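Colleague: I would like to go through the strand order and the helix packing in this model. Please keep to what can be read from the coordinates.

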Amino acid sequence: MQVSQDQPIYSEAPLQLLLFVDGRPKSRQQVQRIRAYLKELEAEYSFELQIIDVGQQPYLAEHFKLVATPALIKIHPEPRQIIAGSNIIAQLKTWWPRWQAAVDAFLKLQEDLQERIDDNSRVTPPKSTIRSVAVSAELIKLSDEIFRLKQEKEKLTEQLQFKDRVIAMLAHDLRNPLTAAAIAIETLQSNYNSDTGEFQRLKPGMTAHLLKQARSQTRTIDRMIADLLQVGRGSDTELPITPQKLELGKLCLDVLEQLRDRYTAKSQNLETDIPKDLPFVYADPERIRQVLVNLLDNAIKYTPEGGTISIAGLHRTTQKVQFSIGDTGPGIPQENRDRIFENHYRLQRDEGTEGYGIGLCLCQRIIRAHYGQIWVDSAPNGGAWFHFTLPVYPS
Ligand code: ADP
């Protein structure tokens, strides 16, 4: 009797075989020959055969730890036996008489048992049957799925918690630049005379300062929101960039100017070594600005008062420019130098410092989108040295 894989039927046939096949054109002929041979045997012997396509039921292949198909498995009488390879029919010819002997022995044993037990009780059905195999394969599949779902749930819970934390921190952090921008705008507004179009009681220098303040604070807010959106999108999505001819040294000085208040407030010294003849790079100015702001922001944040921030540019090869930002802070321990670029990762040491652990991940994504590299090592004085490379703009 041949049972289709779709309708496994519990059978009493003492010899039970599984034939594992695959969809490869190469094995089709071999499978046809095996099936034809089994068909011949069927005329003379009683056995149950189930054909299993590994493509449709990979869990069954896993259950039997199959390494190759086609494969013929005797699952009953036990012990289980697997025949595989290119000469299945030849092997089957050798084994067939022994399998028949095993069947006879099994039937004899059943008869003996039957005689010994009560008429009302039933013989325990054989442990390993086609039905039981299908059930245990289904169980493997389900437990795999449960495991996967559990992991997914943990990941999602973690992400949700992180987002809650970020939103709480962001609400707090946004207040500073928002208040500063609002004060500047309100001051301008309350002094504005719509009839004359002038700012009363404000000196032109002050008006310009307030406008600049409002603009730079809204830029800060914009960057914080942009960072946040990156977190929301996760780290797997591609980062769109619009590269162009860019003067990296100039951009860096620009960013330093933007951060002047920050490092002067901590009395930090600045050392810049940007060669005049550093070639242009091919990069997205807004994205690279984000990288520089993040790296310099970290350098200032993690370096104590009176420390030194260093910036160096290097024409590394004909195709690459290397930019480095160093500090005299605590540095990054060797064992964490890869992990700090992971999303949400922060050194335990710095848990008390404000931050979300996303800046460096974003930097890495941006630099990678430019086909560059970013890494950290230690400065000679023990601080951190962050380096990144960018492609040279072709001349
Ligand atoms: P954040 O600074 O917001 O925590 P980052 O992704 O920018 O997130 O940095 C990840 C972690 O790497 C920080 O929490 C900090 O522990 C460490 N780190 C980054 N830059 C420096 C630095 N210049 N010096 C020392 N530690 C740093």
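Colleague: In what order do the five strands of the open sheet lie?

Modeller: The model is predicted. The sheet is open and its pairing is mixed. From one strand to the next the twist averages 15 degrees. The order is β9-β11-β12-β14-β13.

Colleague: Which strands stand at the edges?

Modeller: An edge strand here has a single partner, so one of its sides is left without a neighbour in the sheet. That applies to residues 269-273 and to residues 374-378, which are β9 and β13.

Colleague: How many bridges join β11 to β12?

Modeller: β11 covers residues 308-315 and β12 covers residues 320-327, and the two run antiparallel. Ile309 stands opposite Asp327 in β12. The number of bridges joining β11 to β12 is seven.

Colleague: At about what angle to β12 does helix α6 run?

Modeller: Helix α6, residues 248-258, lies across β9, β11, β12 and β14. Its direction relative to β12 is about 25 degrees.

Colleague: Is the crossing of α8 and α9 left-handed or right-handed?

Modeller: The axes of α8 (residues 285-302) and α9 (residues 359-369) come within 9 Å and cross at roughly 145 degrees. The crossing is left-handed.

Colleague: How do the residues of the contact of α8 with α9 divide?

Modeller: On the α8 side, those in the contact include Arg287, Ile288 and Val291. On the α9 side they include Leu360, Cys363 and Ile366. The residues of this contact divide into eight nonpolar, four polar and one charged.

Methods:
Residues numbered from 1 in each chain as written. Predicted model: local features only at pLDDT ≥ 70, side-chain atom pairs only at ≥ 80, totals over all residues. Heavy atoms only, no water. Axes fitted to C-alpha atoms, helices over the stretch in contact; angles between N-to-C directions. Helix = DSSP H or I, 4+ residues; strand = E, 2+ residues; numbered from the N terminus. Left-handed = near helix turned anticlockwise from the far one by under 90°. Contact = heavy atoms within 4.5 Å. Nonpolar A, V, L, I, M, F, W, Y, C, P; charged D, E, K, R; others polar. Pairing = 2+ DSSP bridges.
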